Amino acid sequence: MKIVVCIKQVPSTEARVQMDPIKGTLIREGVESVVNPFDEYAIEEGIRLKERYGGEVTVISMGPPQAREALKTALAMGADKAVLLSDRAFAGSDTLATAYTLSLGIKKLGDIDIVICGKQATDGDTAQVGPGLAQRLNLRQITYVSKIREINLKNRKITAERLIESGTQVVSTALPALITVVKDINQPRIPNIFSIKKATRAEIPVWGMQDLGGDPKDFGFDGSPTQVVRIFTPPPRQGGEIIQGEVPEAVAKLIEALTSRNIINL
Amino acid sequence: MALKVIKENCTGCGLCVDVCAYSGIKINDEGVAEVTESCILCGQCVDVCPAGALMMEEKKATVEDIFDYKGVMVFVEHEFGKIHSVSFELLGKGREIADNLGVSLSAMLIGAEGDSMALEVARYDVDTIYVCNSTWLKDYQTNTYVAEAENIIRTYKPEIVLIGATTMGRDFAGALAARLKTGLTADCTELSVDMEKRLLLQTRPAFGGNIMATIISPNRRPQMATVRPKVMAMPEPVKNPDVQIIQVQPVSGPQDMLLDILEFIPDTAGTVNLADADIIISGGRGMKGPENFSMLFELAELLGGAVGASRAAVDSGWMPYAHQVGQTGRTVRPKLYIACGISGAIQHLAGMQTSENIVAINKDPDAPIFKVATFGIVGDLFKVVPELIRQIKGKKQQTAC
Ligand SMILES: Cc1cc2nc3c(=O)[nH]c(=O)nc-3n(C[C@H](O)[C@H](O)[C@H](O)COP(=O)(O)OP(=O)(O)OC[C@H]3O[C@@H](n4cnc5c(N)ncnc54)[C@H](O)[C@@H]3O)c2cc1C
Ligand SMILES: Nc1ncnc2c1ncn2[C@@H]1O[C@H](COP(=O)(O)O)[C@@H](O)[C@H]1O
């Protein structure tokens, strides 16, 4: 089975805690890049599918040269191959251009059976690249997958559980397909020292616009219909009132505060 | 590159470098700012530059027929025959935007009981309802719904399309925008109009709510946005006597149902689901064990709310993942969020900090959750929660008599 996992490198959430109190902006210091948390589940699921059904896992990322580090993490976990799509021409891509670029990269890999994406990336928080990519590749899509029940390679079918607001939906569709995964699907493995060392030495091919073909005006800034016009940090939420007193008294005050403001009605 | 450095103006102060979360800009050997390959063109550096040395190139003027597109259209989402409340919220907001632009408001309804649902939609102030009705459109499937929506949009050419940012809405919108090759802004919490340019200003949280971004789609149509449920006000039903219901012939057929929906397992933990709940009672590591969540369920039941959990509680196996709130769980925005034994780690806050009111119950006075709480009680939750239940029960009995 040919498995492709799309991963993105994102700034770590921990690093963004600091806010400059005077300028009201985020402080960059100590920003560390990590594999998008949902993509760790995607990588793990790819490797598990390989272990269960045989085949090969290729991880692919579009991003600046340092996104190579994210790909190395995936190789250390057990992915077989990695490809980086990187070119100055890709800068400023929104989800439409990102999905386009990834789709060309995946087409270049040849026939595939399944593409796995994370549910969303923790920086942009859009959850749009997976569905956009499925359209570009003309693949069936199953989003929010919490469990792959079965892949039948003979009938070329996948049966999966997906988490929607009101419960779990069990669906099945034909391969090739694209799925996006949520955290519940597995527990990502921690790579051992040996595989980390091996991954550090891995050669990762870098494909640019020339390698991918495609129309130059569909990439990067020009290929992105959306444009950010303003970024601002929301005013930090003000901590409110700490209700004092012994438990029964504090609880009574809390109920009074909530009912008098119509937050709860008893 | 679309971000330009005007070298003559740059003083090399480095504010741009400080503000960038991506190492997208640096001060080079000549002592001036230089854009690096990591730049994502977010424009934050442009805003902080005191010397006017940074400039963002505008998107190129359009060559497309964008002026053929007129009007605001709302996608009507439904599940098990029930219209999702976010669709009505969007009709309210859509009306306001349409009035500002001086255009009409329409609704797009794809389904199997389209006619009866159209009557429900017609209770609100909408000008046109496009109904695409067929047996195979009964349940949402990406492929069939996207095909019908694409047809409706290409035929009736709305300039703006609004969709609820629900799980279904995001599955649908992401695919539809790619099919239409147009811009899509995710999970907006604010919409307004730039009257001069007649553009939709779409504001949304990113980075788990640590940053807000305003986004436009200047040169493609329609301008599409998914909008977070419960953010826009629910409109009053106002009947429009001139409402038109237009039947649209389906372009898909039963063979286009690419998914077999085999089974649905409703979430049985609690009676209200997290996404719909006005009140959420959440428990964290401080709950100590799964058995103690029963008191949160009791409180939720009393208040008509749902039960959530922090990642720590989910990873310990105390609550199913569907109830996890936070960066790798769900994002919620209830009227009231009660956090019991939750420290308030940044990843948890990312999923709940926009709640209207937050109550924190935690024994550690320094827990970060207190920094965002509207009301806090520093104390042992095993005493506070049962007391809360006891007093609420008492009050309810009083009012019942
Ligand atoms: C990539 C990534 C993604 C993540 N995504 C999420 C996410 O989606 N959702 C999420 O929730 N977390 C997420 N986390 C984890 C998050 O950072 C925290 O680890 C988690 O929220 C901790 O949960 P907690 O507050 O319940 O536990 P703790 O941080 O251990 O806090 C427990 C709190 O309970 C208090 N307490 C204990 N006993 C009592 C008592 N008897 N009475 C009153 N108070 C008591 C303690 O003082 C403490 O403040 C993520 C982490 C990472 C790295
Ligand atoms: N630049 C990228 N390179 C590779 N995969 C990506 C990229 N951006 C997004 N993805 C994939 O799409 C998923 C959803 O991302 P997003 O739509 O940005 O929230 C991620 O979890 C990744 O699997």
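1. Ligand 1 occupies the second largest pocket. The model is predicted: local features need pLDDT of at least 70, side-chain atom pairs count only at pLDDT 80 or more, and totals for chains, interfaces and linings use all residues. Residues are numbered from 1 along each chain as its sequence is written, chains are lettered from A and ligands numbered from 1 in the order written, and side-chain values use heavy atoms, with hydrogens and water left out.

2. A pocket here is an open set of points on a 1 Å grid over the protein atoms alone, with protein on both sides within 12 Å along at least five of seven lines. A molecule sits in one if more than half of its atoms lie within 2 Å of its grid points. The second largest pocket holds about 980 Å³ of space, a volume being the space filled by probe spheres set on the points, which are joined across faces, edges and corners.

3. Lining residues have an atom within 4 Å of a point. The second largest pocket has 48 of them, and those closest to its centre are Arg285(B), Arg311(B), Ala312(B), Asp315(B) and Gln347(B). α8(B) gives the largest share of this lining, four residues. Elements of chain A that give two or more residues are β3 (33-35), α1 (37-53) and α2 (68-77). Helices (H or I, at least four residues) and strands (E, at least two) are DSSP runs, numbered from the N terminus.

4. The surroundings of ligand 1 comprise 28 residues, of which Arg285(B), Ser310(B), Thr328(B), Gln347(B) and His348(B) come nearest; a residue is near if one of its heavy atoms lies within 4 Å. The site is shared between chains, because residues from both A and B surround ligand 1. By class, this shell has eight nonpolar, 14 polar and six charged residues. Ala, Val, Leu, Ile, Met, Phe, Trp, Tyr, Cys and Pro count as nonpolar, Asp, Glu, Lys and Arg as charged, and the others, Gly among them, as polar.

5. Polar contacts (pairs of N or O atoms within 3.5 Å) link ligand 1 to chain B. An oxygen atom of ligand 1 is 2.7 Å from a polar backbone atom of Gln327(B), and an oxygen atom is 3.0 Å from a backbone N or O atom of Gly329(B). The side chain of Lys288(B) has an N or O atom 3.4 Å from a nitrogen atom of ligand 1. On its own ligand 1 has 990 Å² of accessible area, and the protein covers 81% of this (Shrake-Rupley method, 1.4 Å probe).

6. Ligand 2 is surrounded by 18 residues, with Cys6(A), Asp39(A), Met62(A), Ala121(A) and Thr126(A) closest. Backbone N or O atoms of Cys6(A) and Met62(A) lie 2.6 Å from an oxygen atom and 2.8 Å from a nitrogen atom of the ligand, respectively. The protein buries 97% of the 480 Å² that ligand 2 exposes when taken alone. β4(A) gives the largest share of the shell, three residues.

7. Six cavities of 30 Å³ or more are found in the whole structure; a cavity is a set of grid points where a 1.4 Å probe fits but cannot get out. The largest cavity contains about 680 Å³ of space. Its lining has 37 residues, and Lys119(A), Gly329(B), Arg330(B), Thr331(B) and Val332(B) are closest to its centre. This lining divides into 14 nonpolar, 13 polar and ten charged residues.

Methods. A polar contact is a pair of N or O atoms within 3.5 Å; within protein, one must be able to donate a hydrogen and the other to accept it, and residues adjacent in sequence count only if both atoms are side-chain atoms.
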